[in-house]
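Reader: I have a structure to go through before lunch. Can you walk me through it?

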Amino acid sequence: MHIIDEILRREEFSGNPPVLVDIGASGAIHPKWRRIAPYSVCIAFDADEREMGFAAHETKGYRKLYIINRIVTAQSSATAQFYLTKSPYCSSLLKPDQQSLDQWAFGGLFEVDRVASLETVTLQSVLEKLGIGKIDWFKTDSQGTDLRLFRSLGDGLIRRVLVAEFEPGIIDAYKGEDKLRSLMTFMDDQPFWMSDLEIKGTQRMKRDTFENRLSPIEQRLLGNLMKIAPGWGEVTYINTFSKTADYLDKRDYLLGWIFAVIEKHYGFALEIAEHASARFPDPIFDEMQKYTWRSIKLEYSKFPSYLIRGAIKFLNRIMGTAG
């Protein structure tokens, strides 16, 4: 049995499984969650015009899956205006900033087809309704409202989140949106460290030029022909597991280690396991440390031996110079 399965079958998770929240769900299991999905409860928000309400499912790869077909808002309200755009991936609670978007090649994707009045729900109300008191992995792609949704959880829930993923904007795509800079400023004061940041974007070309002076084939090829400017970011934060965070329990350390391994941050996974071993007298944490070291050595084995020898020789030379 793999150690991750062994951990997730322990009594700490029998009545308290991992809780995964996906705002702006695509309908498929988040690739990072495939390994833990059979043991986890997923709450997926997918706003559309189907009949609204709660639906609990035992299928789709999760231990339990709740699909909630409502717009998630930071503040409670019965309904909210939702801007349905040419591309469904750009639809948002926020009005697209078309004047700014017209300077970019993908601006046409944000063109508003119509505005719908949709039922809303808050994260807090959903958690209360489902009888869930914690979120372990928070993932959101809400098109402009990621930070306000995360903040709506409140300090108590935020500090116990183990991993948080966001997709904030860099350019002006929506009126009043939460930008990457605001998210980073907020997270600097929270018990998290940034574990990943991938910058995405598009070409700085006026929409009119892109749509009217390029053929459809040229438009499709544009991404390979012209440099892309930063437009938004995909950013991940992991809880620091500070030694002063006594509100994190044994279950949190077990799950935090799994998350760090999934993210391939083996150095931090080792830190979690070592800290947990000192706090909780359980041999599982020694096994976790051994597994982490094996994973680190496996990463080394993926490189050609001559590169490893060269790196060691270089480090020895540098250390000798420093000494």
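Author: What follows is a quick tour, from the overall fold to single residues.

Reader: Where does the model come from, experiment or prediction?
Author: This is a predicted model.

Reader: OK. How many helices and strands does the protein chain have?
Author: The protein chain has 13 helices and eleven strands.

Reader: What share of the residues is buried?
Author: Buried residues account for 48% of the 323 in the protein chain.

Reader: And the surface, how much does the chain expose?
Author: About 16,900 Å². Carbon and sulfur atoms supply 52% of that area.

Reader: What about contacts between residues at least 6 apart in sequence? What percentage joins residues at least 24 apart?
Author: In the protein chain, that share is 71%.

Reader: Switching to charges. How many salt bridges?
Author: The count comes to 22 salt bridges.

Reader: Give me one that involves Lys134. Which residue does its side chain meet?
Author: Asp252, with N to O at 3.4 Å. This pair links distant parts of the chain, 118 residues apart. Lys134 sits in the loop between helix H4 (123-130) and strand E8 (137-140), while Asp252 belongs to helix H10 (residues 250-262).

Reader: Are those two buried or exposed?
Author: Lys134 counts as buried because its relative accessibility is 9%, and the limit is under 20%. Asp252 is at 0%, so Asp252 counts as buried too.

Reader: Which other side chain meets Asp252 in a salt bridge?
Author: Arg160 does, at 2.9 Å from N to O. Arg160 lies in the loop between helix H6 (155-158) and strand E9 (163-166), and Asp252 is in H10, so this salt bridge ties together parts 92 residues apart in sequence. Arg160 is partly exposed, with a relative accessible area of 23%.

Reader: Which residues make up the network of salt bridges around there?
Author: Lys134, Asp136, Arg160, Asp249, Arg251 and Asp252 are linked in one.

Reader: Another pair. What does Lys200 bind to in a salt bridge?
Author: Lys200 forms a salt bridge with Glu198, and their closest N and O atoms are 3.0 Å apart. Lys200 is partly exposed at 28% relative accessible area. Glu198 also counts as partly exposed, at 38%.

Reader: Back to H4. Which residues of H4 are buried?
Author: Leu123, Val126 and Leu127 are buried in H4. They cover an arc of only 100 degrees around the axis, so they are on the same side of H4.

Reader: And which exposed residues are on the face turned away from that buried side?
Author: Glu128 and Lys129 are the exposed residues carried on that face of H4.

Reader: What happens just after H4?
Author: Gly131 takes a positive phi there, about 70 degrees.

Reader: Fine for a glycine. Which residues other than glycine have a positive phi?
Author: Gln143 is one of them, with phi near 60 degrees. Lys264 has a positive phi too, of about 65 degrees. Most residues other than glycine have a negative phi.

Reader: Where is Gln143, and is Gln143 buried or exposed?
Author: Gln143 lies in the loop between E8 and helix H5 (146-151). At 16% relative accessibility, Gln143 counts as buried.

Reader: And Lys264? Where is Lys264 found?
Author: Lys264 is in the loop between H10 and helix H11 (266-279). Lys264 is exposed, with a relative accessible area of 53%.

Reader: Now strands. In what sense do strand E5 and strand E7 pair?
Author: Strand E5 (residues 71-72) and strand E7 (residues 112-121) pair in the parallel sense over two bridges. Val72 stands opposite Val121 in E7.

Reader: How many bridges join strand E6 and E7?
Author: Strand E6 (residues 79-85) pairs with E7 over seven bridges, in the antiparallel sense. Thr85 stands opposite Val112 in E7.

Reader: Last topic. Which residues make the nonpolar surface patch of about 390 Å²?
Author: That patch is made by Ile217, Leu221, Leu225 and Met226.

Reader: Pick Leu225. Where does Leu225 lie?
Author: Leu225 lies in helix H9 (residues 216-225). Leu225 is exposed, with a relative accessible area of 65%.

Definitions and conventions
Residues numbered from 1 in each chain as written. Predicted model: local features only at pLDDT ≥ 70, side-chain atom pairs only at ≥ 80, totals over all residues. Heavy atoms only, no water. Helix = DSSP H or I, 4+ residues; strand = E, 2+ residues; numbered from the N terminus. Buried < 20%, exposed > 50% of the residue type's maximum accessible area, 1.4 Å probe, protein only. Contact = heavy atoms within 4.5 Å. Areas by Shrake-Rupley, 256 points an atom, 1.4 Å probe, with all protein chains shown as cover. Salt bridge = Lys/Arg side-chain N within 4 Å of Asp/Glu carboxyl O. Arc of directions from axis to C-beta. Pairing = 2+ DSSP bridges. Patch = residues over 30% accessible without salt bridge, like charges linked within 9 Å, V, L, I, M, F, W, Y side chains within 5 Å.
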